[in-house]
Amino acid sequence: MATEKFKALVHFIVHECQENPSKLGAIRLNKALWYTDVVSFRASGASVTNESYVKRQMGPVPSHILSTIEELKAEGKLHVQEPKGRYDARKFISLDEPDNAILSDDERDLAQNVLSAVLGYTANAVSEMTHDIIWDAAEDGEEIPMYATLVSETKSLNDEIKDWARPILEELRA
């Protein structure tokens, strides 16, 4: 089950694109969520949402994205317009103001900056950017631990690094 923060971040990002929902799509939404959590984790040792991410063909995807979208739809906060053509993106339309009390000002600022960067690329390009050594090391459907992103810049992930980072993650989750 997703956290309230994750749900709030999904709604916030969708709402930020309400003037042109066709800019977002599922791939960019997933990558905006991923990069917001990764940047936060790298800067502070904690992600914004504490969401888990799994390897999928187009890059890391939040584990609870589908159920969260369904919850937001059921609450009347979101509408999803399915693609009409082969190359159309799924459109996420915010129907209500997001609850800004759940996310801090810094978290909203971070999400806006990440979203702005993600929207500057095609969906395929932003997807390819997430196909790094961490993504390569995971099996399809396998969780990508957030602590692994700390070593992805080195292009060298081995058991020694995993063993070193695992207690840090466990301490952060406690």
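**Around Phe-92, the core and two helices**

Biologist: Which residues does Phe-92 touch, leaving out those up to four places away in sequence?
Modeller: In this predicted model, Phe-92 touches Val-14, Pro-21, Leu-24, Gly-25, Ala-26, Leu-29, Ile-69, His-79 and Val-80. Phe-92 itself sits in strand E4, residues 91-94.

Biologist: What makes Phe-92 count as buried?
Modeller: Buried means under 20% relative accessible area. Phe-92 comes in at 2%, so it counts as buried.

Biologist: How far is Phe-92 from Cys-17, in sequence and in space?
Modeller: They're 75 residues apart along the sequence, yet 8.5 Å apart in space, C-alpha to C-alpha.

Biologist: OK, on to the core. Which residues of the largest nonpolar core touch the most other members?
Modeller: Out of 39 residues, those are Ile-13, Leu-24, Leu-29, Leu-33 and Ile-65. Helices H1, H2, H3, H4 and H6 and strand E3 each chip in at least two residues, and H1 gives the largest share, seven.

Biologist: What does Leu-33 touch, again not counting residues up to four places away?
Modeller: Phe-6, Leu-9, Val-10, Ile-13, Tyr-53, Pro-62 and Ile-65.

Biologist: How do H1 and H3 pack?
Modeller: Their axes are 10 Å apart, at an angle of about 70°. Angles of 65 to 115 degrees count as roughly perpendicular, so H1 is roughly perpendicular to H3.

Biologist: Which residues make that contact?
Modeller: From H1, Phe-6, Lys-7, Val-10 and His-11; from H3, Ile-65, Thr-68, Glu-71 and Leu-72. They split into four nonpolar, two polar and two charged.

Key: Residues numbered from 1 in each chain as written. Predicted model: local features only at pLDDT ≥ 70, side-chain atom pairs only at ≥ 80, totals over all residues. Heavy atoms only, no water. Core = buried A, V, L, I, M, F, W, Y, C linked by side-chain atoms within 4.5 Å. Buried < 20%, exposed > 50% of the residue type's maximum accessible area, 1.4 Å probe, protein only. Helix = DSSP H or I, 4+ residues; strand = E, 2+ residues; numbered from the N terminus. Contact = heavy atoms within 4.5 Å. Axes fitted to C-alpha atoms, helices over the stretch in contact; angles between N-to-C directions. Parallel < 35°, antiparallel > 145°, perpendicular 65-115°, else oblique. Nonpolar A, V, L, I, M, F, W, Y, C, P; charged D, E, K, R; others polar.
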